[in-house]
Amino acid sequence: LKLQFLYLIATSQQELLTPHRAPPLMTPPPPPPLWLRGVWQREFIQRGDRPADRSVTVRYLQTPSLFFDIRVGAAAPDTMAFAGRAAWDEAAQELSWHAAFNTDGSAGDDGAAWEGILGGAHRTEDKGVVRRVTEDRWIESGDGYVEEWTRVPGTTAALPQLSAVQAQHVLVVVGGAFGYATTATTPHTYCSGAVRGWRVEHTATEAVRVGDVVDVPQTGWGVSQDSTLPWPLPDSHAG
């Protein structure tokens, strides 16, 4: 039997339910600040003394519960995507990304990954110090790099959003944008695009192409309690 999820997020605990074990009580990682919610694009990355690199198209979706990050470059090593839960360290002003899905395969089985992430046992080296410049711009810095991020025009932290998972699938929706990953296809699917029509705008694998309509499952989703959109999405939102 494949692992089946019901993913519930409350203010004081996390529950991860499977057919094989009772739900453990877990302490959720602190979520990112409210202002970080939305859809972001990376303006550049600068490594060391090298010139700023603006050649890679990046979209980053952040909800209270989940993130989805997709990067598409001209060269294969520059194209990647990952999704999971971001955690905030207020004292260090540091954001860390705990991926349950990753194009490089490092996340492994998403069921085991989610349990570790939600239970606080998951460790990650993917983290950066975040400096808020304005409501629509922030700077991320880490070991030997600096990135600038700006909000995609027309998106705000107040947009309706959805965070949903099931075995081998994750779906993040912010306003009219979605990020979707699944390991149930060959090759695996990692894409983002417009919710209206589920049209792909960015893809990190050959499972789908830009302009394709992605086949998002209609049933089986566990939706986070902090989502402000229901599933299925209303026709007025996704029609």
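Let's start with the largest pocket, which holds about 410 Å³ of space. Keep in mind as you look around that this is a predicted model. The lining of this pocket is made of 21 residues, and R42, I45, R47, R71 and E147 are the ones that lie nearest its centre. If you want to find the walls, look at the strands: β3 (38-47), β5 (67-72), β6 (80-89), β9 (137-142) and β10 (145-151) each bring at least two residues to the lining. What sort of residues are they, nonpolar, polar or charged? Eleven are charged and ten are nonpolar, with no polar ones in the lining of the largest pocket.

Now move on to the second largest pocket, with a volume of about 230 Å³. It has 16 lining residues, and A87, S96, H98, T124 and K127 sit closest to its centre. Here a helix joins in: β6, β7 (94-102) and α1 (110-119) each give at least two residues to the lining of this second pocket. You've met β6 before, since it also supplies at least two residues to the lining of the largest pocket. Which element gives the most to the lining of the second largest pocket? That's β7, with four residues. The chemistry of this lining splits into six nonpolar, six polar and four charged residues.

Since α1 has just come up, let's stay with that helix for a bit. Seven of its ten residues are buried, so α1 is largely enclosed by the rest of the structure. You can pick the buried ones out by name: D110, G111, A113, W114, G116, I117 and L118. Just past the helix comes G120, which has a positive phi, near 85 degrees.

Time to zoom out. The protein chain has two helices and 16 strands. It runs to 239 residues, and 49% of them count as buried. On the outside, the chain exposes about 11,200 Å², with carbon and sulfur atoms supplying 52% of that area. What about contacts along the chain? Among contacts with a separation of 6 or more, 51% are between residues 24 or more positions apart.

With that overview in hand, follow one of the sheets. Six strands make an open sheet in the order β15-β14-β13-β12-β11-β16, and their pairing is antiparallel. At the edges stand β15 (199-203) and β16 (222-223); each has a single partner strand, so one side of each is left without a neighbour in the sheet. As background, strands of a sheet pair through backbone hydrogen bonds, either parallel or antiparallel. For a concrete example, take β13 (residues 177-182) and β14 (residues 189-194): these two run antiparallel and are joined by six bridges. You can even spot residues facing each other across this pair, since A177 stands opposite A194 in β14.

The loops between these strands are worth a stop too. In the loop between β13 and β14 you'll find P187, and the peptide bond joining T186 to P187 is cis, with omega about -5 degrees. The loop between β11 (161-166) and β12 (169-174) holds Q168. This residue isn't a glycine, yet Q168 has a positive phi of about 75 degrees. A similar story turns up in the loop between β14 and β15, where W198 sits. W198 isn't a glycine either, and its phi is positive at about 50 degrees. Is W198 buried or exposed? Its relative accessibility is 13%, and buried means under 20%, so W198 counts as buried.

Finally, head for the other helix, α2. On the way, in the loop between β16 and α2, you pass P232. The peptide bond from W231 to P232 is cis, with omega near 0 degrees. Helix α2 itself covers residues 235-238, and H237 is found in it. At 18% relative accessibility, H237 falls under the 20% cut-off, so this residue counts as buried. Which residues does H237 touch, leaving aside those up to four places away in sequence? They are P160, V173, G175, G176, V195, R196 and L229. Look back at the sheet and you'll see that V173 falls within the residues of β12 (169-174).

Technical notes. Residues numbered from 1 in each chain as written. Predicted model: local features only at pLDDT ≥ 70, side-chain atom pairs only at ≥ 80, totals over all residues. Heavy atoms only, no water. 1 Å grid on protein atoms, 1.4 Å probe; cavity = no way out; pocket = protein on both sides within 12 Å on 5 of 7 lines; lining within 4 Å. Points joined across faces, edges and corners; volume = space filled by probe spheres on them. Nonpolar A, V, L, I, M, F, W, Y, C, P; charged D, E, K, R; others polar. Buried < 20%, exposed > 50% of the residue type's maximum accessible area, 1.4 Å probe, protein only. Contact = heavy atoms within 4.5 Å. Areas by Shrake-Rupley, 256 points an atom, 1.4 Å probe, with all protein chains shown as cover. Pairing = 2+ DSSP bridges.
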